Amino acid sequence: MLDDAHVESDAHFGFIRRLLASESYLFRDHLQRLDGDARHRRFGHDVSDAFIATYAAHASDFGNVTFGYFVDGVVRGVAELRPGTLMREANAEVAFSVERAFANRGIATQLMGRVIRTARNRGYSHLTLVCMPSNAKMQAIARHYGADLKIEDGSIFADIVPNRADYRSLVADMIDEPMTYLHSALDMQARINGVKPF
């Protein structure tokens, strides 16, 4: 097991916060900006804009948590935490996407750390990340967080075991939650006024 450690992003570049249910359009717009290769890596097959719109509309379904990496008020990377079925309640699936222009900056690694912290605090004992065998970067990120990797049906399955929640992880989430609403309000105001936030 590997702790999520320090995952805050560079304040001069971007930052991570949870996306609210009312912000599914930000998630949709990010996914629709992904090129064909990135969409294929994210979903395991080619997907249309219509598919993405439907998918994003369910991002806040019960138990799901979506984090966005914001740069100048625009979501450029996303991490998703989706709970398992009733048969595997202690497990959850994670997924990531980062736009090409923002790749190779450590964004997915930071998003992974943020997701792991939330998973710890929600009591998940296993996180599953599925990626294509050609996605060496995501496999490296999973290994960075202590994942065991195996091949099944032509895909790579990474099993990550989060540490148990502790005072530090719980307080970090308690601090982040009100800041999520503050940043969301500021981002909305900036978009209405047509200016860059902060």
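The secondary structure of this chain, which I should say at once is a predicted model, comes to six helices and seven strands. If you follow the chain along its sequence, the elements come in the order β-α-α-α-β-β-β-α-β-α-β-β-α.

Before we go into the details, a few totals for the chain as a whole. There are 198 residues, and buried ones make up 44% of them. Among the contacts with a separation of 6 or more, 66% are accounted for by residues that stand 24 or more positions apart. The surface that the chain exposes comes to about 10,600 Å², and 57% of that area is supplied by carbon and sulfur atoms.

Let me turn now to strand 4, residues 91-98, where I would like to spend some time. How many of its eight residues are buried? Seven of the eight are, and that is the sense in which I call strand 4 mostly covered. With strand 3, residues 74-83, strand 4 pairs in the antiparallel sense, and there are seven bridges between the two. One place to find this pairing on the screen is Val-78, whose bridge partner in strand 4 is Ser-97. With strand 5, residues 126-131, the pairing of strand 4 is parallel and runs over four bridges; here you can look for Asn-91, which stands opposite His-126 of strand 5.

Strand 4 brings us to the largest pocket, because six residues of the pocket's lining come from this strand, and that is the largest share. The space in the largest pocket is about 870 Å³. It is lined by 38 residues, of which Arg-41, Phe-96, Ser-97, Asn-135 and Met-138 are the closest to the centre. So Ser-97, the bridge partner of Val-78, appears again in this list. Which elements supply at least two residues each to the lining? They are helix 2, residues 36-43, then strand 3, strand 4, helix 4, strand 5, and helix 5, residues 136-144. Sorted by class, the lining of this pocket has 19 nonpolar, eight polar and 11 charged residues.

There is also enclosed space to report. The count comes to one cavity of 30 Å³ or more, and the largest cavity holds about 40 Å³. Its lining consists of Leu-19, Leu-20, Glu-23, Ser-24, Phe-27, Ala-59, Ser-60 and Thr-66, and by class these residues divide into four nonpolar, three polar and one charged.

Finally, I would point you to two places in the backbone. Most residues other than glycine have a negative phi. Asp-72, however, which is not a glycine, has a positive phi of about 50°, and Asp-72 lies in the loop between strand 2, residues 65-71, and strand 3. Is Asp-72 buried, partly exposed or exposed? With a relative accessible area of 45%, Asp-72 is partly exposed. The other place is Asn-104, where phi is near 65°, again a positive value in a residue other than glycine. Asn-104 is found in the loop between strand 4 and helix 4, residues 107-121, and because its relative accessibility is 64%, Asn-104 counts as exposed.

Definitions and conventions: Residues numbered from 1 in each chain as written. Predicted model: local features only at pLDDT ≥ 70, side-chain atom pairs only at ≥ 80, totals over all residues. Heavy atoms only, no water. 1 Å grid on protein atoms, 1.4 Å probe; cavity = no way out; pocket = protein on both sides within 12 Å on 5 of 7 lines; lining within 4 Å. Points joined across faces, edges and corners; volume = space filled by probe spheres on them. Nonpolar A, V, L, I, M, F, W, Y, C, P; charged D, E, K, R; others polar. Buried < 20%, exposed > 50% of the residue type's maximum accessible area, 1.4 Å probe, protein only. Contact = heavy atoms within 4.5 Å. Areas by Shrake-Rupley, 256 points an atom, 1.4 Å probe, with all protein chains shown as cover.
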